[in-house]
Amino acid sequence: MERRAHLDTLAVHAGQEPDPVSGAVMQPIVLASTFAQDGPGNHRGFDYSRSGNPTRQALEKCLAALEGGTHGLAFGSGCAAMTTLLHSLTRPGDHVVAGDDLYGGSFRILDKVMKPYGVLTTQVDMSDLKAFEAAIRPETRLVWLETPTNPMLKVFDIEAICALARARGILVAVDNTFATPCLQQPLALGAHMVMHSTTKYLNGHSDVVGGAIVTADDGLAEALRFHQNAMGAVPGPFDCYMVLRGLKTLHLRMERHVRTANAIASWLEAHPQVEKVHYPGLASHPQHAIARRQMSGPGGMISFVVKGGLPAARALLGTVEIFVCAESLGGVESLIELPAVMTHGSIPAAQRQELGISDGLIRISCGVEAEADLRDDLARALDAATRATV
Ligand code: P1T
(Lines give C-alpha, C1' and ligand atoms only; values in the text may rest on other atoms or scores of the structure.)
Protein backbone atom coordinates (compact mmCIF):
# COMPACT_ATOMS: atom_id res chain seq x y z
CA MET A 1 0.00 0.00 0.00
CA GLU A 2 1.84 3.08 -1.30
CA ARG A 3 -0.75 5.75 -0.51
CA ARG A 4 -1.17 6.83 3.15
CA ALA A 5 -4.64 5.49 3.95
CA HIS A 6 -6.63 5.76 7.19
CA LEU A 7 -5.46 3.64 10.11
CA ASP A 8 -8.48 1.31 9.79
CA THR A 9 -7.46 0.48 6.22
CA LEU A 10 -3.76 0.17 7.05
CA ALA A 11 -4.58 -2.26 9.88
CA VAL A 12 -6.16 -4.62 7.34
CA HIS A 13 -3.82 -4.19 4.37
CA ALA A 14 -0.47 -2.51 5.12
CA GLY A 15 2.56 -4.66 4.28
CA GLN A 16 0.38 -7.34 2.71
CA GLU A 17 -0.43 -8.14 -0.92
CA PRO A 18 -2.20 -11.29 -2.16
CA ASP A 19 0.44 -14.03 -2.52
CA PRO A 20 1.94 -13.73 -6.05
CA VAL A 21 2.08 -17.52 -6.46
CA SER A 22 -1.35 -18.67 -5.25
CA GLY A 23 -3.36 -15.48 -4.85
CA ALA A 24 -3.91 -16.29 -1.15
CA VAL A 25 -5.34 -13.15 0.48
CA MET A 26 -3.74 -13.95 3.84
CA GLN A 27 -0.01 -13.67 4.35
CA PRO A 28 1.60 -17.13 4.08
CA ILE A 29 3.47 -18.35 7.15
CA VAL A 30 6.98 -18.92 5.83
CA LEU A 31 8.54 -21.29 8.32
CA ALA A 32 11.85 -21.80 6.46
CA SER A 33 14.91 -20.94 8.51
CA THR A 34 17.05 -20.49 5.38
CA PHE A 35 16.52 -19.47 1.74
CA ALA A 36 18.04 -20.88 -1.47
CA GLN A 37 20.58 -18.59 -3.08
CA ASP A 38 21.02 -18.48 -6.87
CA GLY A 39 24.77 -18.28 -6.20
CA PRO A 40 26.86 -17.49 -3.09
CA GLY A 41 25.60 -14.17 -1.72
CA ASN A 42 23.07 -13.86 -4.55
CA HIS A 43 19.67 -14.22 -2.87
CA ARG A 44 16.14 -12.91 -3.50
CA GLY A 45 15.89 -10.64 -0.47
CA PHE A 46 16.07 -13.24 2.30
CA ASP A 47 19.05 -15.39 3.30
CA TYR A 48 18.45 -16.52 6.90
CA SER A 49 15.31 -16.09 9.02
CA ARG A 50 17.02 -14.39 11.97
CA SER A 51 18.07 -11.62 9.60
CA GLY A 52 14.74 -11.44 7.78
CA ASN A 53 11.65 -13.50 7.05
CA PRO A 54 8.74 -12.77 4.66
CA THR A 55 6.01 -13.19 7.31
CA ARG A 56 7.95 -11.04 9.77
CA GLN A 57 8.57 -8.44 7.09
CA ALA A 58 4.83 -8.15 6.39
CA LEU A 59 4.21 -7.55 10.11
CA GLU A 60 7.06 -5.07 10.34
CA LYS A 61 5.71 -3.08 7.39
CA CYS A 62 2.19 -3.09 8.83
CA LEU A 63 3.41 -1.87 12.24
CA ALA A 64 5.51 0.87 10.62
CA ALA A 65 2.49 2.06 8.63
CA LEU A 66 0.21 2.09 11.69
CA GLU A 67 2.63 4.22 13.72
CA GLY A 68 3.30 6.57 10.79
CA GLY A 69 6.95 5.42 10.61
CA THR A 70 9.04 4.02 7.79
CA HIS A 71 10.84 1.17 9.57
CA GLY A 72 9.27 -1.56 11.72
CA LEU A 73 11.18 -4.20 13.67
CA ALA A 74 9.55 -7.17 15.36
CA PHE A 75 10.93 -8.96 18.42
CA GLY A 76 10.26 -12.05 20.51
CA SER A 77 8.73 -9.98 23.35
CA GLY A 78 8.26 -6.39 24.48
CA CYS A 79 11.19 -6.88 26.85
CA ALA A 80 13.33 -8.10 23.93
CA ALA A 81 12.40 -4.97 21.95
CA MET A 82 13.31 -2.72 24.89
CA THR A 83 16.60 -4.51 25.63
CA THR A 84 17.62 -4.41 21.96
CA LEU A 85 16.75 -0.71 21.74
CA LEU A 86 18.79 0.12 24.84
CA HIS A 87 21.79 -1.90 23.66
CA SER A 88 21.58 -0.37 20.18
CA LEU A 89 21.66 3.21 21.38
CA THR A 90 23.44 3.41 24.74
CA ARG A 91 26.98 2.59 25.86
CA PRO A 92 28.45 2.27 29.39
CA GLY A 93 28.58 5.77 30.89
CA ASP A 94 25.41 6.91 29.12
CA HIS A 95 22.36 7.97 31.13
CA VAL A 96 18.64 7.39 30.64
CA VAL A 97 15.74 9.43 32.02
CA ALA A 98 12.58 7.38 32.50
CA GLY A 99 9.16 8.02 34.01
CA ASP A 100 8.66 7.17 37.67
CA ASP A 101 5.91 4.65 36.94
CA LEU A 102 6.87 1.81 34.55
CA TYR A 103 5.85 -1.77 33.85
CA GLY A 104 7.75 -3.88 36.43
CA GLY A 105 9.66 -5.76 33.73
CA SER A 106 10.78 -2.49 32.09
CA PHE A 107 12.04 -1.23 35.45
CA ARG A 108 13.87 -4.54 35.92
CA ILE A 109 15.66 -4.17 32.55
CA LEU A 110 16.85 -0.68 33.50
CA ASP A 111 17.78 -1.69 37.07
CA LYS A 112 19.11 -5.23 36.69
CA VAL A 113 20.34 -5.42 33.08
CA MET A 114 21.43 -1.92 32.03
CA LYS A 115 22.72 -0.62 35.39
CA PRO A 116 25.30 -3.45 35.82
CA TYR A 117 26.31 -2.77 32.20
CA GLY A 118 27.06 0.86 33.14
CA VAL A 119 23.97 2.65 31.85
CA LEU A 120 22.28 4.46 34.75
CA THR A 121 18.66 5.57 34.82
CA THR A 122 17.01 8.42 36.70
CA GLN A 123 13.28 7.98 37.21
CA VAL A 124 11.20 11.12 37.49
CA ASP A 125 7.55 12.13 37.46
CA MET A 126 7.42 13.50 33.93
CA SER A 127 4.15 15.33 34.53
CA ASP A 128 6.49 17.86 36.20
CA LEU A 129 8.47 19.22 33.24
CA LYS A 130 10.82 21.17 35.53
CA ALA A 131 11.69 17.95 37.39
CA PHE A 132 12.19 16.25 34.02
CA GLU A 133 14.64 18.97 32.89
CA ALA A 134 16.47 18.78 36.21
CA ALA A 135 16.97 15.02 35.74
CA ILE A 136 18.81 15.53 32.44
CA ARG A 137 22.60 15.22 32.65
CA PRO A 138 25.32 15.96 30.11
CA GLU A 139 25.58 12.21 29.48
CA THR A 140 21.83 11.68 29.03
CA ARG A 141 21.35 9.80 25.77
CA LEU A 142 17.76 8.60 25.90
CA VAL A 143 14.36 9.38 27.39
CA TRP A 144 12.19 6.32 28.03
CA LEU A 145 8.61 7.48 28.06
CA GLU A 146 5.76 5.14 28.99
CA THR A 147 2.38 6.88 28.67
CA PRO A 148 -0.24 6.11 29.86
CA THR A 149 1.84 4.46 32.55
CA ASN A 150 1.50 0.97 33.95
CA PRO A 151 -0.22 0.66 36.43
CA MET A 152 -0.98 4.21 37.66
CA LEU A 153 -2.29 5.46 34.28
CA LYS A 154 -0.36 8.71 34.49
CA VAL A 155 -0.26 10.64 31.23
CA PHE A 156 2.86 12.53 30.16
CA ASP A 157 2.97 15.30 27.57
CA ILE A 158 4.81 13.63 24.68
CA GLU A 159 5.11 16.78 22.56
CA ALA A 160 6.52 18.93 25.38
CA ILE A 161 8.97 16.24 26.55
CA CYS A 162 10.17 15.56 22.99
CA ALA A 163 10.72 19.29 22.39
CA LEU A 164 12.85 19.58 25.56
CA ALA A 165 14.81 16.42 24.71
CA ARG A 166 15.33 17.27 21.04
CA ALA A 167 16.67 20.72 21.95
CA ARG A 168 19.46 18.88 23.82
CA GLY A 169 20.07 16.20 21.18
CA ILE A 170 18.51 13.47 23.36
CA LEU A 171 16.59 10.56 21.82
CA VAL A 172 13.03 9.78 22.92
CA ALA A 173 11.45 6.32 22.82
CA VAL A 174 7.75 6.01 23.72
CA ASP A 175 6.28 2.75 25.01
CA ASN A 176 2.91 2.96 23.25
CA THR A 177 1.63 -0.40 24.52
CA PHE A 178 -1.32 0.97 26.54
CA ALA A 179 -2.52 3.48 23.94
CA THR A 180 -1.79 1.67 20.63
CA PRO A 181 -1.44 3.67 17.40
CA CYS A 182 -5.25 3.90 17.28
CA LEU A 183 -5.30 6.28 20.23
CA GLN A 184 -1.87 7.91 20.22
CA GLN A 185 0.77 8.60 17.53
CA PRO A 186 4.05 9.41 19.32
CA LEU A 187 6.16 9.82 16.15
CA ALA A 188 3.87 12.64 14.99
CA LEU A 189 4.34 14.28 18.41
CA GLY A 190 8.14 14.29 18.08
CA ALA A 191 9.31 10.90 19.39
CA HIS A 192 12.21 9.21 17.60
CA MET A 193 10.97 5.69 18.28
CA VAL A 194 7.85 3.86 19.39
CA MET A 195 8.07 0.57 21.25
CA HIS A 196 5.32 -2.02 21.81
CA SER A 197 4.62 -5.15 23.67
CA THR A 198 2.61 -6.69 20.79
CA THR A 199 1.57 -9.30 23.36
CA LYS A 200 -1.13 -6.81 24.36
CA TYR A 201 -3.65 -4.89 22.22
CA LEU A 202 -1.85 -5.28 18.89
CA ASN A 203 -2.22 -9.05 18.93
CA GLY A 204 -5.28 -8.71 21.12
CA HIS A 205 -6.10 -12.35 21.87
CA SER A 206 -3.68 -13.31 24.69
CA ASP A 207 -2.04 -16.02 22.59
CA VAL A 208 1.28 -14.47 21.52
CA VAL A 209 4.27 -12.91 23.29
CA GLY A 210 5.91 -10.33 21.03
CA GLY A 211 7.41 -6.87 20.76
CA ALA A 212 8.14 -4.16 18.21
CA ILE A 213 9.95 -0.91 17.52
CA VAL A 214 8.98 1.63 14.85
CA THR A 215 10.95 4.66 13.69
CA ALA A 216 11.04 7.08 10.77
CA ASP A 217 14.78 7.72 11.18
CA ASP A 218 17.01 5.80 8.74
CA GLY A 219 20.12 6.00 10.95
CA LEU A 220 18.31 4.72 14.04
CA ALA A 221 16.68 1.97 11.97
CA GLU A 222 20.08 0.82 10.75
CA ALA A 223 21.45 0.57 14.31
CA LEU A 224 18.29 -1.17 15.52
CA ARG A 225 18.22 -3.62 12.63
CA PHE A 226 21.89 -4.47 13.16
CA HIS A 227 21.19 -5.28 16.82
CA GLN A 228 17.94 -7.10 16.03
CA ASN A 229 20.01 -9.53 13.94
CA ALA A 230 23.15 -9.50 16.10
CA MET A 231 21.34 -10.01 19.43
CA GLY A 232 18.83 -12.33 17.78
CA ALA A 233 15.71 -11.75 19.90
CA VAL A 234 13.41 -12.24 16.89
CA PRO A 235 9.87 -13.67 16.82
CA GLY A 236 8.97 -16.85 14.94
CA PRO A 237 6.93 -16.64 11.71
CA PHE A 238 3.82 -18.15 13.27
CA ASP A 239 3.77 -15.52 16.03
CA CYS A 240 4.24 -12.80 13.40
CA TYR A 241 1.27 -14.18 11.49
CA MET A 242 -0.86 -14.19 14.65
CA VAL A 243 -0.07 -10.53 15.37
CA LEU A 244 -0.81 -9.59 11.73
CA ARG A 245 -4.15 -11.36 12.04
CA GLY A 246 -4.92 -9.60 15.32
CA LEU A 247 -4.02 -6.20 13.87
CA LYS A 248 -6.80 -6.46 11.31
CA THR A 249 -9.40 -5.82 14.03
CA LEU A 250 -7.33 -3.50 16.25
CA HIS A 251 -9.43 -0.41 15.47
CA LEU A 252 -12.70 -2.28 16.13
CA ARG A 253 -11.46 -3.73 19.40
CA MET A 254 -10.04 -0.42 20.63
CA GLU A 255 -13.37 1.33 20.07
CA ARG A 256 -15.06 -1.19 22.36
CA HIS A 257 -12.25 -1.28 24.96
CA VAL A 258 -12.47 2.52 25.27
CA ARG A 259 -16.28 2.67 25.42
CA THR A 260 -16.45 0.00 28.12
CA ALA A 261 -13.56 1.41 30.17
CA ASN A 262 -15.10 4.89 30.11
CA ALA A 263 -18.38 3.53 31.45
CA ILE A 264 -16.80 1.27 34.08
CA ALA A 265 -14.41 3.96 35.32
CA SER A 266 -17.30 6.39 35.94
CA TRP A 267 -19.32 3.67 37.65
CA LEU A 268 -16.37 2.65 39.88
CA GLU A 269 -15.75 6.28 40.84
CA ALA A 270 -19.28 6.50 42.26
CA HIS A 271 -19.03 3.19 44.17
CA PRO A 272 -18.85 3.53 48.01
CA GLN A 273 -16.28 0.69 48.36
CA VAL A 274 -13.87 2.38 45.93
CA GLU A 275 -11.39 4.89 47.33
CA LYS A 276 -9.84 6.17 44.10
CA VAL A 277 -10.02 5.51 40.35
CA HIS A 278 -7.12 6.15 37.96
CA TYR A 279 -8.35 6.54 34.39
CA PRO A 280 -7.30 9.29 31.94
CA GLY A 281 -10.88 9.65 30.69
CA LEU A 282 -12.17 10.88 34.06
CA ALA A 283 -12.35 14.63 34.68
CA SER A 284 -10.76 13.89 38.09
CA HIS A 285 -7.58 12.54 36.43
CA PRO A 286 -4.71 15.02 37.01
CA GLN A 287 -3.62 14.89 33.34
CA HIS A 288 -7.11 14.62 31.84
CA ALA A 289 -6.51 17.71 29.66
CA ILE A 290 -3.24 16.31 28.24
CA ALA A 291 -4.94 12.97 27.57
CA ARG A 292 -7.73 14.72 25.66
CA ARG A 293 -5.19 16.62 23.59
CA GLN A 294 -2.74 13.86 22.74
CA MET A 295 -4.98 10.78 22.70
CA SER A 296 -8.08 10.12 20.61
CA GLY A 297 -9.45 7.99 23.49
CA PRO A 298 -8.35 7.25 27.07
CA GLY A 299 -7.76 3.51 26.53
CA GLY A 300 -9.07 0.30 28.03
CA MET A 301 -7.00 0.13 31.23
CA ILE A 302 -8.21 1.26 34.66
CA SER A 303 -6.66 0.98 38.08
CA PHE A 304 -8.52 1.63 41.31
CA VAL A 305 -8.03 1.40 45.05
CA VAL A 306 -10.52 -0.69 46.94
CA LYS A 307 -11.21 0.28 50.56
CA GLY A 308 -9.97 -2.35 53.04
CA GLY A 309 -6.49 -3.01 51.61
CA LEU A 310 -5.14 -6.43 50.74
CA PRO A 311 -7.92 -8.55 52.39
CA ALA A 312 -10.59 -6.63 50.47
CA ALA A 313 -8.61 -6.80 47.23
CA ARG A 314 -8.11 -10.55 47.63
CA ALA A 315 -11.83 -11.05 48.32
CA LEU A 316 -12.66 -9.03 45.21
CA LEU A 317 -10.31 -11.00 42.98
CA GLY A 318 -11.58 -14.26 44.47
CA THR A 319 -15.18 -13.40 43.61
CA VAL A 320 -15.08 -12.23 39.98
CA GLU A 321 -16.35 -14.74 37.46
CA ILE A 322 -16.00 -13.00 34.09
CA PHE A 323 -12.82 -11.06 34.82
CA VAL A 324 -9.90 -13.48 34.88
CA CYS A 325 -7.26 -13.02 37.57
CA ALA A 326 -4.13 -12.91 35.42
CA GLU A 327 -1.17 -10.77 34.42
CA SER A 328 -1.08 -9.07 31.00
CA LEU A 329 -3.70 -6.92 29.28
CA GLY A 330 -5.15 -5.86 25.97
CA GLY A 331 -6.91 -9.11 25.03
CA VAL A 332 -10.57 -9.62 24.13
CA GLU A 333 -11.15 -11.11 27.59
CA SER A 334 -11.25 -8.87 30.68
CA LEU A 335 -8.39 -9.37 33.12
CA ILE A 336 -7.91 -8.27 36.70
CA GLU A 337 -4.76 -8.29 38.82
CA LEU A 338 -2.97 -6.89 41.88
CA PRO A 339 0.12 -4.99 40.62
CA ALA A 340 1.87 -4.99 44.03
CA VAL A 341 1.79 -8.79 44.13
CA MET A 342 1.82 -9.65 40.41
CA THR A 343 3.08 -7.39 37.57
CA HIS A 344 5.06 -4.92 39.69
CA GLY A 345 6.58 -7.26 42.28
CA SER A 346 10.07 -6.46 40.92
CA ILE A 347 9.75 -2.82 42.04
CA PRO A 348 11.05 -2.22 45.59
CA ALA A 349 8.21 -1.94 48.13
CA ALA A 350 9.20 1.61 49.20
CA GLN A 351 9.13 2.83 45.59
CA ARG A 352 5.78 1.11 45.00
CA GLN A 353 4.38 2.80 48.09
CA GLU A 354 5.61 6.21 46.97
CA LEU A 355 3.94 5.78 43.58
CA GLY A 356 0.62 4.68 45.06
CA ILE A 357 0.93 1.01 44.08
CA SER A 358 -0.63 -0.01 47.37
CA ASP A 359 -1.79 -3.51 48.36
CA GLY A 360 -5.35 -2.40 47.60
CA LEU A 361 -4.56 -1.18 44.08
CA ILE A 362 -6.37 -3.28 41.48
CA ARG A 363 -5.74 -3.06 37.74
CA ILE A 364 -8.29 -4.11 35.17
CA SER A 365 -8.03 -4.59 31.43
CA CYS A 366 -11.52 -4.14 29.99
CA GLY A 367 -12.21 -6.74 27.31
CA VAL A 368 -14.92 -6.80 24.67
CA GLU A 369 -17.61 -8.65 26.67
CA ALA A 370 -20.97 -6.95 27.37
CA GLU A 371 -20.37 -3.92 29.55
CA ALA A 372 -23.39 -4.71 31.77
CA ASP A 373 -22.02 -8.19 32.53
CA LEU A 374 -18.62 -6.77 33.45
CA ARG A 375 -20.24 -4.19 35.72
CA ASP A 376 -22.40 -6.85 37.44
CA ASP A 377 -19.30 -9.00 37.95
CA LEU A 378 -17.45 -6.11 39.61
CA ALA A 379 -20.53 -5.16 41.67
CA ARG A 380 -20.69 -8.64 43.20
CA ALA A 381 -16.95 -8.63 43.79
CA LEU A 382 -17.09 -5.21 45.47
CA ASP A 383 -19.85 -6.53 47.75
CA ALA A 384 -17.51 -9.37 48.72
CA ALA A 385 -14.76 -6.79 49.36
CA THR A 386 -17.13 -4.86 51.62
CA ARG A 387 -17.92 -8.01 53.61
CA ALA A 388 -14.18 -8.77 53.92
CA THR A 389 -13.63 -5.27 55.36
CA VAL A 390 -16.25 -5.30 58.15
O1 P1T B 1 5.62 -9.04 28.29
P2 P1T B 1 6.37 -8.41 27.14
O3 P1T B 1 5.77 -8.69 25.81
O4 P1T B 1 7.83 -8.67 27.19
O5 P1T B 1 6.19 -6.80 27.29
C6 P1T B 1 6.71 -6.07 28.34
C7 P1T B 1 5.91 -4.81 28.55
C8 P1T B 1 6.39 -3.61 28.08
N9 P1T B 1 5.72 -2.45 28.25
C10 P1T B 1 4.53 -2.43 28.87
C11 P1T B 1 3.82 -1.13 29.04
C12 P1T B 1 3.97 -3.60 29.35
O13 P1T B 1 2.78 -3.53 29.96
C14 P1T B 1 4.66 -4.83 29.21
C15 P1T B 1 4.14 -6.12 29.75
N16 P1T B 1 3.17 -5.95 30.75
C17 P1T B 1 2.54 -6.95 31.42
C18 P1T B 1 2.78 -8.26 31.23
C19 P1T B 1 1.52 -6.52 32.40
O20 P1T B 1 0.69 -7.32 32.86
O21 P1T B 1 1.52 -5.32 32.74
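The following exercises, each with a worked solution, concern a buried glutamate, a ligand site and unusual backbone geometry.

The model is predicted, so local features require pLDDT of at least 70 and side-chain atom pairs pLDDT 80 or more, while totals for chains, interfaces and linings use all residues. Residues are numbered from 1 along each chain as its sequence is written, and side-chain values use heavy atoms, without hydrogens and water.

**Exercise 1.** Determine which backbone nitrogens lie close to polar atoms of the side chain of Glu146.

*Solution.*
1. Locate the residue: Glu146 is found in strand E4 (residues 140–146); strands are DSSP runs of at least two residues, helices of at least four, numbered from the N terminus.
2. Check its charge partners: Glu146 is buried and has no salt bridge, with the nearest oppositely charged side chain, Arg363, 7.8 Å away. Buried means under 20% relative accessible area, exposed over 50%, and partly exposed in between (1.4 Å probe, protein chains only). A salt bridge places a side-chain nitrogen of Lys or Arg within 4 Å of a carboxyl oxygen of Asp or Glu.
3. Search for backbone nitrogens: that of Tyr103 is 3.1 Å from a polar atom of the Glu146 side chain, and that of Asn150 is 2.8 Å from one.

**Exercise 2.** Describe the surroundings of the ligand.

*Solution.*
1. Collect the shell (a heavy atom within 4 Å): it holds 20 residues, the closest being Asp175, Ser197, Thr199, Ser328 and Arg363.
2. Assign elements: helix H3 (78–89) and strand E6 (193–197) each supply at least two residues of this shell.
3. List backbone distances to ligand oxygen atoms: 2.9 Å for a polar atom of Gly78, 2.9 Å for one of Cys79 and 2.7 Å for an N or O atom of Ser328.
4. Evaluate the cover: the protein hides 93% of the 480 Å² of accessible area that the ligand has on its own (Shrake-Rupley method, 1.4 Å probe).

**Exercise 3.** Identify the cis peptide bonds and the positive phi values in residues other than glycine.

*Solution.*
1. Recall the background: most residues other than glycine have a negative phi, and most peptide bonds are trans.
2. Inspect omega: it is about -10 degrees for the cis bond joining Thr147 and Pro148, and about 10 degrees for the cis bond joining Asn150 and Pro151.
3. Place the prolines: Pro148 is in the loop between E4 and helix H6 (158–167), and Pro151 is found in the loop between E4 and H6.
4. Inspect phi: Leu153 has a value near 60 degrees, and Ser328 one of about 80 degrees.
5. Compare accessibility: Leu153 is buried at 1%, whereas Ser328 is partly exposed at 25%.

Technical notes:
Lys and Arg count as positive and Asp and Glu as negative; His and the chain ends are not counted. A polar contact is a pair of N or O atoms within 3.5 Å; within protein, one must be able to donate a hydrogen and the other to accept it, and residues adjacent in sequence count only if both atoms are side-chain atoms.
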